[in-house]
Amino acid sequence: MTGASTVLSAESLGRDVGAVALVDHHVHGALATDLSRRGFEELITESDRPTPSWMTQFDSQLGFAVLRHCAPVLGLEAHTDPETYLARRTELGVEEVNRRLLTASGVGHFLVETGYRGEELLGPAGMTEATGRPAEEIVRLETVAEHVVAEGTDAAGFSARFEAVLWERSRTARGVKTVVAYRHGLDVDPEPPTLGEVTAAAGRWLREAERTGSVRVDDPVLLRHLIWKGVERGLPLQFHTGYGDPDLDLRRCDPLLLRGLIERAQPSGVPLMLLHCYPFHRNAGFLAQVYPNVYFDVGLAVNHTGARSAAVVAESLELAPFAKILFSSDAWGPAELHHLGALLWRRAMTHVLSGFVADGEWSRTQAVRVATMIGAENARRVYRLEGEPGVTVPR
Amino acid sequence: MTGASTVLSAESLGRDVGAVALVDHHVHGALATDLSRRGFEELITESDRPTPSWMTQFDSQLGFAVLRHCAPVLGLEAHTDPETYLARRTELGVEEVNRRLLTASGVGHFLVETGYRGEELLGPAGMTEATGRPAEEIVRLETVAEHVVAEGTDAAGFSARFEAVLWERSRTARGVKTVVAYRHGLDVDPEPPTLGEVTAAAGRWLREAERTGSVRVDDPVLLRHLIWKGVERGLPLQFHTGYGDPDLDLRRCDPLLLRGLIERAQPSGVPLMLLHCYPFHRNAGFLAQVYPNVYFDVGLAVNHTGARSAAVVAESLELAPFAKILFSSDAWGPAELHHLGALLWRRAMTHVLSGFVADGEWSRTQAVRVATMIGAENARRVYRLEGEPGVTVPR
Amino acid sequence: MTGASTVLSAESLGRDVGAVALVDHHVHGALATDLSRRGFEELITESDRPTPSWMTQFDSQLGFAVLRHCAPVLGLEAHTDPETYLARRTELGVEEVNRRLLTASGVGHFLVETGYRGEELLGPAGMTEATGRPAEEIVRLETVAEHVVAEGTDAAGFSARFEAVLWERSRTARGVKTVVAYRHGLDVDPEPPTLGEVTAAAGRWLREAERTGSVRVDDPVLLRHLIWKGVERGLPLQFHTGYGDPDLDLRRCDPLLLRGLIERAQPSGVPLMLLHCYPFHRNAGFLAQVYPNVYFDVGLAVNHTGARSAAVVAESLELAPFAKILFSSDAWGPAELHHLGALLWRRAMTHVLSGFVADGEWSRTQAVRVATMIGAENARRVYRLEGEPGVTVPR
């Protein structure tokens, strides 16, 4: 195929990919408050440390993508400068900015993980209000456990109390999530702990919490307990894997470390959703091919790799069957992240799949079908979005 | 170079790459029996678990490649659907399907590893009969050891008996192979065990075999013994590395784990052939650059990555000298895998090398020469295919 | 954008990238003596072992790049053969070859690491003489320590003596470097050792040196001490990471292993420069995003991946802010390596960035700015090249 006809077919495929009403199966709320320049910059990096004075976070793939793709949504020229962009953002006000960026993303359904500073963000209801689209909840296991301790429990009662609160909190949820990657690493013992071990660990935790006034759960016995109670809950279980903020040790976030857990969880029928995965997304693709209960996405990385996201998406389309790959943005805070998560994914898919078609490897029909599977259908099936929320998978 | 002339030069290079009579230096036999849809699907994935009812293995890079490239060989349109494809396959019969797919692959010489369920497949003689091309054997070390135990030996006699049977079994072989990656992981102690250690381990194995009725060898002492006896045998020694079925722990299949073994084996002059390697193929390229006795391929991954195989092949063309890279399909069972292993490799090489030429980095002459080295010449030299089989390397 | 206009814009961008006066922030001297064919081949591979008789190191990406890009600088046709190339090299003489290749590289400033067989190479002064461009020194910590022991010290005096000599040796240096990756692996205890531990380790080392007549430092206690004294020195601290010769175990050279050290060093304000990084450059990009004190390059890999270097450079442009990426060649010996380090980097950046522009993701202005940052400005800022050498960073 010559250059010109390749471009034409990419444009035509782009229209079809653009028409998919995406399911963002792992996202957080948009921020409903205006942001200073410093505040905005802090939210377009995974760093939790001060930005050095001699640099700006806008000088990054994600920063360039904001200036390229979000500026026109706010009525500015593409590739504007940060000052102009942020001034315009302030001028429009966060409500209008959110409305524009969220609706232009073409996301049709949000699964909102509320467990990380969720009180600062729009909740599922707020996301629906801003977009007119359904938004449902993913419940973070560690946050539930910390809530149980903050509300008051004793060691002997912790396990039962956690289970009761988890079921109550997830009554209308679509899934649960664990951040064991952050709190310990994915190299946890895959076996569920005994009740005696859990009670002993809960006792240590309660004493520590009393001593420090902080209720962060990071004991591997408790983290394993949360995971296995999450499996028992029967909803799809999301794992943070791969890249994130420096609170994690990336060497301990390779999803291959979950092998034992995946094998032990397989009989439960619970779908295990590996999130982000970068730079281990090829490993995730292997797991998704060989284990029927494993799914994955390259959310987060798509935003942060910007102009390079097509390469990352391409690498995610290797070993995994297409029924096992999902779309997510992992956006948290500025609605730019929600917008770009969808937009860059569509551009990346269009780029990669139109290349397959131009090379004569795939048919155009296959390309559209796979984009629809990954963008929406797989999530609709795994999370049973046509049915009532909160319903566990059949064994 | 403009788009149109790039396409022309790729076509011309593709003809030259297509004309290379490939040596498939690691392949298994084709299946001589007809396959049900379920049976076929099970053989186009590395998963050993049931395919979930809501998906088909045809929705994968390998599935799409079958429908794209094998359908025309069976007289169907490219990108046909699975039902039509499998109906046509049945209509033609496996013998005709094998004949068509195997001969159209343009493989000129097969090195057939017979150690995994070899009795269900065409052996080297059957492969020659189906194709008219020479097919010779690669002997799996673990299968020989298990045969020795199944036939009856005592612990004290195991080592000598294994050695004798290995030499007898490999009298006309071209190489030997180890699956230590599956049976333990590549993180074995690189030292050969003592005879006392081997005898003790053989005793434990014999008791276990008697107790369970199964003779699978997975004791690391015995696996190391097999490897070092394989080195002593003096034929090229193949290692499964990287990706495979979920019986392996991919974290323990990184070829970098073989460093100690590679260094200790270097004085023997035995070529160590790292198979598959994905997703660690860049690590394999490093080993192939720095150790004179290391070679590698990206077989298996080429088939399973389909439209993305050009990217994998490209990544294999980084650090390694071109004299140290080989072609293989690792096909097992359906002749589609033998066919695609060759076809996708040729397309990938053509794509990548014509890109190097179009970018002005390589000459066309260099591109054809390197394709010929990797596709055939390197294997002909390493396995001494011009000479008698079964002859050990000179120290 | 159609094929033809893409090519035009790449050419135009290439002129701007070509005009950047690069800072090669990690390079060794050029060799001032003529080379035999064998000698030349040994220096275009990282292998330290004899090249097998049936192959040539010219059959590699780096070998092809020499014949493609260096041949015209010596007045030969591109893609000439090795014999012709080396004959011409001898005919011109090493002085003329060095002059041509070094000046044609367009490097404007060399930071020369002198610690590895530096006496065989041009030093900073010699590099300036050959090129007319400033060349300043990077001091290798391990070499200083070995010099201290070779000159004579006792265990109790080692630490103070090392510190004194380090400050004297680095009085006009631009940075220091550690090869802990080679001598132990990056998996060292991140804590500085106590003086008692250092003295004890120095005692062991002195006894070993006396016994063997060799003063190689590889005790992890001492290596950690050198690193932390290097941090105290206050100049940018370079780490070899990733790929190198087989003296290193690549599994232990993943820069992610430096996490503890990076975190402990952050308050010092000392820039940590991760060199080479391949094949872990995506991990390095993660560290450069999340830690303000981390920088990295893909030097060495650019040369050794030749026609594939654009892919490696592209992968380095993912997570890291553009202010945290640098250019280096890591050339050692033949001036071809200095030349190609710069030339291939410029070609790769042009290829990758013009792709971003053609895809509509970046503006042309952004592309030129980022190339200038990575090629020169970041190094000028980090190493304070506008100011006096040898001055420590402010806390």
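Two strands pair if DSSP finds at least two bridges between them. Helices (H or I, at least four residues) and strands (E, at least two) are DSSP runs, numbered from the N terminus.

This is a predicted model, in which local features need pLDDT of at least 70, side-chain atom pairs count only at pLDDT 80 or more, and totals for chains, interfaces and linings use all residues. Residues are numbered from 1 along each chain as its sequence is written, chains are lettered from A and ligands numbered from 1 in the order in which they are written, and side-chain values use heavy atoms, with hydrogens and water left out.

In chain A, strand E6 (residues 272-276) has five of its five residues buried (under 20% relative accessible area, 1.4 Å probe, protein chains only). The pairings of E6(A) are listed below.

| Strands | Sense | Bridges | Opposite residues |
|---|---|---|---|
| E5(A) (residues 237-241) and E6(A) | parallel | five | Thr241(A) and His276(A) |
| E6(A) and E7(A) (residues 294-296) | parallel | three | Met273(A) and Tyr295(A) |

Helix H12 (residues 259-265) of chain A forms a right-handed β-α-β unit with E5(A) and E6(A); helix H13 (residues 281-290) of chain A does so with E6(A) and E7(A). A crossover is right-handed if, with the strands pointing away from the viewer, the path from the first strand over the helix to the second runs clockwise.

In chain C, seven strands build an open, parallel sheet in the order E1-E2-E3-E4-E5-E6-E7. Its edge strands, E1 (22-27) and E7 (294-296) of chain C, each pair on one side only. Four bridges link E1(C) with the parallel strand E2 (residues 107-113) of chain C, where His109(C) lies opposite Val23(C).

Conventions
Buried < 20%, exposed > 50% of the residue type's maximum accessible area, 1.4 Å probe, protein only.
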